[in-house]
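The following report describes how helices, domains and chains are arranged in one model. It begins with the packing of helices and then turns to the domains and the contacts between chains.

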Amino acid sequence: MNALALPAPAGADAASSHGRRWTLLAVALAVPVALPLLVIAGGWLQHDPATWAHLLDTVLAELLLNTAFLLLSVGTAVTVLGAGLAWLSAACEFPGRRHFDWLLMLPLALPAYVLAFVAIDLLDFAGPVQSTLRAWFGPGRWLPPIRSRGGIVLVMSLALYPYVYLLARSAFLAQGARALEAARSLGCGPWRAFLRAAVPVARPAIIAGTTLALMETLADFGTVAVFNFDTFTTAIYKTWFGLFSLPAATQLASLLLLSVVLALGAERALRGRARYAAAGRAQGGERIVLRGVRGWLASGLCSGVLALGFVLPLSRLLYWALERGLADLDARYLERLLNTLGLGALAALLTVGAALLLALAVRRQPSLTVRLAVRLATLGYALPGSVLAVGLMITLTWVDRRLGELGDWLGLPLDAVLRGSVWALLIAYGVRFTAAAWGPVDAACERVRPSLIEAARGLGVHGSGLLRRVYLPLLRPGLLAAALLVLVDVVKEMPATLLLRPFGFDTLAIRIYEMTAEGDWAGAALPALTLVLAGLLPVILLVCRSAASPH
Amino acid sequence: MHPFRTPSALAATLLALGLLQTATAAELVVYSSRNEQLIKPAFDAYTAKTGTTIRFVSDKEGALIERLKAEGDKTPADLLITVDAGNLWQATSEGVLAKIDSPALTANVPAHLRDPDGRWYGLTIRARTIVYNPQTVKPAQLSSYEDLADPKWKGKLCLRTSKKVYNQSLVATMIARLGAEKTEQVVKGWVANLATDPFSSDNQAIEAVAAGQCDVTIVNTYYFANLKTKNPALSAELFWANQGSSGVHVNVSGAGITRHAPHRAEAQRFLEWLSGDEAQTLFANLNFEFPTKAGIAAAALPLSWGPFKQDDVNLAEAGRLQAEAVKLMDRAGYR
Amino acid sequence: MPAEAPAALLELQDIACAHAGRRVVDGLSLRLQPGEIGCLLGASGCGKTTTLRAIAGFHPLAAGSIRLRGQSIASAAGGLPPEARGIGLVFQDYALFPHLDAGDNVAFGLHRLPRRERRARAQTLLEVVGLGDCAARYPHELSGGQQQRIALARALAPEPALVLLDEPFSSLDPELRERLAGEVRDILRRRHTAALLVTHDQHEAFALADRIGVMHGGRLLQWDSGPALYRTPASAAVAGFIGDGRLLPGERRSDGRIATALGELRGRSDGPPGQHVQVLLRPEHLLHDPAGPLHAQVLSRAFRGAETLYTLTLPSGAEVLARIASACDYPPGASVSLRYAGTPVCVYPPA
């Protein structure tokens, strides 16, 4: 489902006290997101015409073009790659398919900035690959430049396709084979049937995946910084850190946000009244068998993606880590690892809980207020992490001050309750990653037909019983997928963790930041490797879950 | 339903741990944009000597300054430690640093490496100079930063991105010395001479020089020293720029006491200690940077490059002109 | 097949299909003429749907061959892909594309036509199925019966020579089912489109089909017209599946008649005297006659309007069925007098 997709009214509780409760809940969940966004939009209150004039005169046009180029290319590449691979693994049969099916999810654990650095380190002019080629064949450039538009699109696509793959794969699996058979009986070949019947039905899932990937692309700073590629986000950072104009930076950020809102609204409008519920039961075992060369081509494609997107970067990290020796591997490492995983798990639980409540609210009380609240709550993903982090920090500090005043008045020690506590981090992750959880949770809720709920209520089950006995069992796979997505995202998250963590609270991502801030990538290899391995844990769980599903 | 009962208990424990730490006394809190590995040894040495515990968070400079602003008089932070005069200048202009009168600091830190109003003090010197490939370039061909804009270097220059504050400060001091017009000519010349797109790190630029992708680059000396230590055979050498004119561009890592520091006197004692012999010697051997205090020897490798003349433009000036430098580089097409 | 046989539209020759190594269809042969409506009838699991999927190209053949218009479209070695067979399909669950409106669903198979023509053809077909005003509605906005008709229109749109229908009416309520079955038959007739239908409901089969095949355990027991199936079931198994009736044991006499608990009956087929057999006794073989020589006790009865179907027990203990005008009211346990109508009965080997 689209990050902002809103289901049609179903099983609505007409204007009752129940309905009001859902409205209140949805609004309460949207407020923590709304406040930092408001702070950011508040940048417009402070005029900075000089900075704007400068940006307009010099770099704005170029970086808008760059950003558009990146979105278009990465969007196309992750959609084709993610949906294509998902189709291969969900609907076809070729050598090694059973293993590729789960192996292809692994790159999800690898942060894009790590992949970017490894790619440049390996493939740039001074890197080992080109140095070896020069040693064999003489001086000159033996590869197309990696630090180029093509290079950055390649790296981001390899890092971000798993979002599309993950969501499209389950959509293809859940999709009835009937629609496909119907298309083929109407004269479509297997590929035509794929494009005209399977893809359109999986469209919400594919779009949800692509949306996540594009929002990451928009918000990305690490990767474009490694490539020195100027985008809207680098402009935000430059305006803040180089021109010292936080207002202009937040103004740019709010424009970014506005464009995301418009794009999502447009997609929603285009979809119109069409529904995407799967036609018929899912059918296993009837795969398109790719024989001979075609089968090996499919295997080759999967192996290539896996090698470039996962095996190669991981080997390089391993090489560095071993080269440096494992001296860094002390008790603090265990602490960082536990902090990372504990924080991720806690954030996943809270975020998925919030997404579930929102998804239920919008079904039980599909009023304009609730739907707006849901849209708002799923916006945080598109903002560059640092900008959102500052918005949050200002908000939390303000709340802390009010709490402090309240504490003074009551005679209670209520100083700095949020700021610098784990709560601040959890709120930040919730604000940022509710969008990531929303997709799978909403899609899962969509599968709970209203008739099931009505049947349960007819049998006298309601309230929390309904949640426990009907919703949760039916939603479990979707909730798990959402939780794991959030966990992986939190583990990789850097800017908000840096700004809002308690004193002395270290995670693996922070260690990576500290080492790479001075360009010591070899030193960052061990924490990066640990981060990837920690991120693999949830991905493997995800894999086990989908293997246990009835296919 | 109560699905969050157990996790919230867990979170509460974590929170309680955080609060307990806040409650401990006899301590200093530092906001640092310097990395743990470059600053923690000094903290540990001070704690061993005085018993004062030092807690710190590291983050990007801009974020730390915003944090100090937002916290205002409730801030737990006593000191801000950061790299680059531009950031220190920004901290003073945002009003988060306090003015300090300290004869010890004035004596230890040379005048051009501290705020004229005493709000921040340089602790280590970081020189930004020319590195060349000895197989293609003779030292006699090199002279100054400005000379690298000469067409004779066409296709032979590598640079790091203009988004890095080191380059912003370098260009800012050039504006201070040469004026904006002349500086823009120089930067345009650099851009015209680039062999390849600007790199995202000094290390990459040095490695590109060594690999023969280009002949010269401008980098901070400690990056060069680190690479050279790892690989002594690296085909790259260091050249002190502008020795016949303004001197090598130097910048600092420095510190200031926050305006609302809860432990101001203790913070000042600590800052004075950081500028003194013991800490300066420690810094000199941590990252191949140069100590600010006169008479303290640098590490062996930097010493082997010989003495050099420093640009004595006051670094506050570089900070003041940094935004202008960024705009100038944007105009010149330096990415 | 013998060379002199008339050109069949669809010809299955000795086909076999396997699921996970187990043969679920075996030695099945049948022929369908152009414009003819055929039906495969059987309980669930008898292999009828697998046969249909094999014809459509979604299930491989383990043996035998399938020919359409004289051309081989499938054999054990492989076959044409589904899209190249030109066979329309209507699914049990309709399988309408949820992302397309009714018009686009119907136009889906017309992708070789120019856009404008496509839409016009779709509209024509929607009118054929009586849903001319529903083109812009999405599947979830249509009732079950409407979805069914859209599915038929979609299958018919590319003008296939043959349409396959898999339990097409099973998810509709009985009243609608009967009406729609009639409509579908008329539409297929008018367009002279041949169809093969799969169902477990013999009334549906009788209502629609020219030829019906009874399937059991993966085999086709008989392939014949509805009346022929009823009058002369080829085996006791078919007899048990089609229509009302009971099997009675008997023995062949030297005069060819068969001695049973009902007395001597005329057999439809000859055999050696002394042979033990069983005969199929339909309700119409027994007539209600208060003066009749046969007496039986009412076991149960089912009211069918003008007539009531009685299940009766003979003194021998055997069960028979009889239709008696509802005006005569015999409660269970009552005694009824009957006589044999004299029409010949079907004779089968003993069970």
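Helix axes are taken here as lines fitted to C-alpha atoms over the stretch in contact, and the angles between them run from 0 to 180 degrees between N-to-C directions. The model is a predicted one.

**Helix packing in chains A and B**

In chain A, helix α14 (residues 331-364) packs against helix α19 (residues 463-492) at an angle of about 135°, and the two axes lie 8 Å apart. The helices α14(A) and α19(A) are therefore oblique to each other, and their crossing is right-handed. On the side of α14(A), the contact is made by T340(A), L343(A), G344(A), A345(A), A347(A), A348(A), L349(A), T351(A), V352(A), A355(A) and L356(A), while α19(A) brings L479(A), A482(A), A483(A), V486(A), L487(A), V490(A) and V491(A). Sorted by class, the residues of this contact between α14(A) and α19(A) comprise 15 nonpolar and 3 polar ones, with no charged residue.

A second helix pair is found in chain B, where α7 (residues 180-193) and α14 (residues 322-332) pack at an angle of about 50° with their axes 9 Å apart. Angles that are neither under 35 degrees, nor over 145, nor from 65 to 115 count as oblique, and that value makes α7(B) oblique to α14(B). The crossing of α7(B) and α14(B) is right-handed. From α7(B), the residues A180(B), T183(B), E184(B), V187(B), K188(B) and V191(B) meet E324(B), L328(B), M329(B), R331(B) and A332(B) of α14(B). In the contact of α7(B) with α14(B), 6 residues are nonpolar, 1 is polar and 4 are charged.

**Chain A as a whole**

Chain A contains 22 helices and 2 strands, and buried residues make up 56% of its 551 residues. Among the contacts in chain A with a separation of 6 or more, 83% are accounted for by residues 24 or more positions apart. A pair with such a separation in sequence is E323(A) and A522(A), which are 199 residues apart along the chain and 8.4 Å apart in space, C-alpha to C-alpha. E323(A) is placed in helix α13 (residues 292-324) of chain A, and with 10 C-beta neighbours inside 10 Å this residue counts as exposed.

**Domains of chains B and C**

The domain assignment of chain B gives domain 1 (26-125 + 252-298) and domain 2 (127-249 + 311-332), whereas that of chain C gives domain 1 (10-237) and domain 2 (244-348). Measures of separation, taken over C-alpha atoms, and of contact are set out below for each pair of domains.

| Domain pair | Distance between centres | Residues in contact |
|---|---|---|
| Domains 1 and 2 of chain B | 27 Å | 17 residues of domain 1, 18 residues of domain 2 |
| Domains 1 and 2 of chain C | 39 Å | 4 residues of domain 1, 6 residues of domain 2 |

In chain B, 17 residues of domain 1 are in contact with domain 2, and helix α4 (residues 85-93) of chain B gives the most to that side of domain 1, with 6 residues. By class, this side of domain 1 of chain B has 9 nonpolar, 5 polar and 3 charged residues. In chain C, where 4 residues of domain 1 are in contact with domain 2, the corresponding side of domain 1 has 2 nonpolar and 2 polar residues and no charged residues.

**Contacts between chains**

Of the 2 pairs of chains in contact, chains A and B share the most contacts. The contact between them takes 47 residues from chain B and 52 residues from chain A. On the side of chain B that touches chain A, at least two residues each are supplied by α1 (5-23), β2 (53-58), α3 (61-71), α8 (202-211) and α14 of chain B, and α1(B) gives the most, with 7 residues. The residues of that side of chain B divide into 19 nonpolar, 13 polar and 15 charged.

Chain C also touches chain A, with 21 residues of chain C in contact with 23 residues of chain A. Strand β7 (residues 87-90) of chain C gives the most to the side of chain C that touches chain A, with 3 residues, and that side has 14 nonpolar, 4 polar and 3 charged residues. Chain B and chain C, by contrast, are joined by no contact, and their closest C-alpha atoms lie 34 Å apart.

Notes:
Residues numbered from 1 in each chain as written. Chains lettered and ligands numbered in written order. Predicted model: local features only at pLDDT ≥ 70, side-chain atom pairs only at ≥ 80, totals over all residues. Helix = DSSP H or I, 4+ residues; strand = E, 2+ residues; numbered from the N terminus. Left-handed = near helix turned anticlockwise from the far one by under 90°. Contact = placed C-beta atoms within 7 Å. Nonpolar A, V, L, I, M, F, W, Y, C, P; charged D, E, K, R; others polar. Domains from an automatic or database assignment. Buried ≥ 20, exposed ≤ 12 C-beta atoms within 10 Å, placed from the backbone.
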